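Here are a few exercises to work through with the model open on your screen. Try each one yourself before you read the solution.

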Amino acid sequence: MSLRATILATGSHVPARVLTNADLEKMVDTSDEWITSRTGIKTRHIAGPGEYTSILAAHAAQKALAAAGLGAADIDVLVVATISAEMTMPSCACLVQKEIGAVNAFAFDVNAACSGFLYALSVAEKQILADPSLKILVIGAETLSSRVDWQDRNTCVLFGDAAGAVILGSSHRGDGLLAEKLFSDGSLYNLLYIDAAQSLNADLRNEDFQGSSIKMAGRDVFKYAVKAMESAVQVVLDKAGVAVSEVSLVVPHQANIRIINKLGQKLGLDPEKIYINVSRYGNTSAATIPLALDEANRAGRLQSGDLVMLCAFGGGFTWGATLIKWQ
Ligand code: UT7
């Protein structure tokens with residue numbers, strides 16, 4: 001059998017604090033009815049003091065390491081997909097390396113917004129194909145609560161904080177990453193962006209500075225997201241020579257239940273085959289897919305030989321799909 005990169009184990013972590021739609025009703029002019037009917041979101045987890053992106057990522061990484069029976073020193077490469085690291089330099093990945101003691105790894109970040117986990121997985125896969133002995137931690141982690149304008153009802157109800165991790169190794173048994181296709185269109189950057197980040201440096205914090213929060217043309221993003229993910233999934237199915245009916249589980253980026261349902265309808269998917277947890281976590285950007293994968297894995301929804309389709313869409317624009325045969 002040919003060499004493939006395969007997911008050996010998964011892990012995830014969310015902060016303890018839960019923000020409900022009822023809580024948001026007290027903060028902005030919104031309602032549980034509006035948020036639920038337009039997005040499907042009921043609750044999201046919000047990081048507390050000291051719960052930086054790297055800390056959430058480190059917890060998720062430790063759970064994935066435990067599930068794999070590996071120690072942090074066994075990791076050769078550590079990749080974090082994020083747009084909300086607590087520092088500009090060093091990378092979030094280097095901070096995770098320090099936190100978990102992955103002393104033998106080289107570490108770096110990938111920025112592809114909500115598609116970041118698929119991009120990071122792709123980069124890691126190429127490392128495995130070049131050297132099958134490697135063990136790679138691929139993490140999607142965000143604290144988007146630090147990038148949201150909490151007075152803007154258009155966006156503050158949508159996002160949450162979380163981290164998910166997988167450990168990638170090699171396989172000759174036929175399992176692993178079967179096909180992928182990633183896309184970007186930077187000409188549409190101004191439909192979804194954050195033009196400057198918040199910082200740990202208190203000197204740079206300015207209460208009047210409005211540039212640091214997420215800006216989104218929601219309706220436009222919605223339409224692009226459905227079309228782009230549908231076509232990416234089709235391209236990957238064609239590449240792999242697989243019919244949609246053969247896919248056991250689709251794990252889409254979790255931004256909005258209506259986007260996920262439309263995608264499912266367009267692809268002709270059995271709703272039972274779509275993993276959905278957006279109601280509990282909201283949109284956690286690069287973390288949605290590894291968080292959902294870990295939940296599905298721990299719930300026994302991923303069996304050996306299952307075909308699992310991942311697909312994402314986010315700022316950039318970036319989008320893509322990846323087909324995996326579960327180990
Ligand atoms: O993660 C990757 C990228 N992100 C996405 O994929 C998100 C894509 N977009 C969406 O999910 C949806 O477009 C939203 C959930 C953001 C918005 O839903 P929508 O059905 O597209 O609503 P809309 O933007 O067309 O707004 C409808 C109305 C507006 O009022 P008017 O102008 O019609 O009077 C908004 O001001 O709803 C209003 N509105 C709200 N009302 C109550 C917007 N946010 C809220 C709110 N509560 N939180």
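**Exercise 1. Find which residues are closest to the ligand in this predicted model, and how many surround it.**

Solution. Start by collecting each residue with a heavy atom within 4 Å of the ligand. You should end up with 23 residues around the ligand. The closest are Thr30, Arg219, His253, Asn256 and Asn283. Next, sort the shell by residue type: eleven are nonpolar, seven polar and five charged.

**Exercise 2. Look for side chains that put an N or O atom close enough to a ligand oxygen for a polar contact, using a limit of 3.5 Å.**

Solution. Take the candidates one at a time.

- Asn256: a polar atom of its side chain sits 2.7 Å from an oxygen atom of the ligand.
- His253: here the distance from a side-chain N or O atom to a ligand oxygen is 2.8 Å.
- Arg258: an N or O atom of this side chain is 3.3 Å from a ligand oxygen.

Now ask how much of the ligand the protein covers. On its own, the ligand exposes 960 Å², and the protein buries 77% of that.

**Exercise 3. Work out which helices supply the shell, and where the ligand lies relative to the two domains.**

Solution. First go through the helices. Those that each supply at least two shell residues are helix 2 (32-39), helix 6 (153-156), helix 7 (218-240) and helix 8 (257-267). Helix 7 gives the most, with four residues. Then step back to the domains: domain 1 (4-173) and domain 2 (177-325) both give residues to the shell, so the ligand lies between them.

**Exercise 4. Trace the strand order in the five-strand sheet, then do likewise for the four-strand sheet.**

Solution. Begin with the five-strand sheet. This sheet is open, its pairing is mixed, and the order reads 1-7-6-4-5. Strand 1 (4-13) and strand 5 are the edges, each pairing on one side only. From one strand to the next, the twist averages 20°. Zoom in on strand 6 (residues 136-143) and strand 7 (residues 161-171): they run antiparallel and eight bridges join them. Within that pair, Gly140 stands opposite Gly164 of strand 7.

Move on to the four-strand sheet, which is also open and mixed, with the order 8-13-12-11. Its edges are strand 8 (176-184) and strand 11 (249-252), each with pairing on one side only. The twist here averages 10° between one strand and the next. Strand 11 and strand 12 (residues 307-314) run parallel, joined by four bridges. One pairing to pick out is Pro252 with Cys311, its bridge partner in strand 12.

**Exercise 5. Spot the unusual backbone geometry: which peptide bonds from Met89 and Gly316 onward are cis or trans, and what is the sign of phi at Ala113?**

Solution. Keep the general rule in mind: most peptide bonds are trans, and most residues other than glycine have a negative phi. Check omega first. The bond from Met89 to Pro90 is cis, with omega near 5°. Pro90 sits in the loop between strand 4 (77-81) and helix 4 (92-100). The bond from Gly316 to Phe317 is cis too, with omega near -15°. You will find Phe317 in the loop between strand 12 and strand 13 (318-325).

Finally, check phi. Ala113 is not a glycine, yet its phi is positive, at about 50°. Ala113 belongs to the loop between strand 5 (106-110) and helix 5 (116-130).

Technical notes. Residues are numbered from 1 along each chain as its sequence is written. This is a predicted model: local features need pLDDT of at least 70, side-chain atom pairs count only at pLDDT 80 or more; totals for chains, interfaces and linings use all residues. Side-chain values use heavy atoms; hydrogens and water are left out. A polar contact is a pair of N or O atoms within 3.5 Å; within protein, one must be able to donate a hydrogen and the other to accept it, and residues adjacent in sequence count only if both atoms are side-chain atoms. Accessible areas come from the Shrake-Rupley method with a 1.4 Å probe; for residues, only the protein chains shown count as cover. Ala, Val, Leu, Ile, Met, Phe, Trp, Tyr, Cys and Pro count as nonpolar, Asp, Glu, Lys and Arg as charged, and the others, Gly among them, as polar. Domain bounds come from an automatic or database domain assignment. Two strands pair if DSSP finds at least two bridges between them. Axes are lines fitted to C-alpha atoms, for helices over the stretch in contact, and angles run from 0 to 180 degrees between N-to-C directions.
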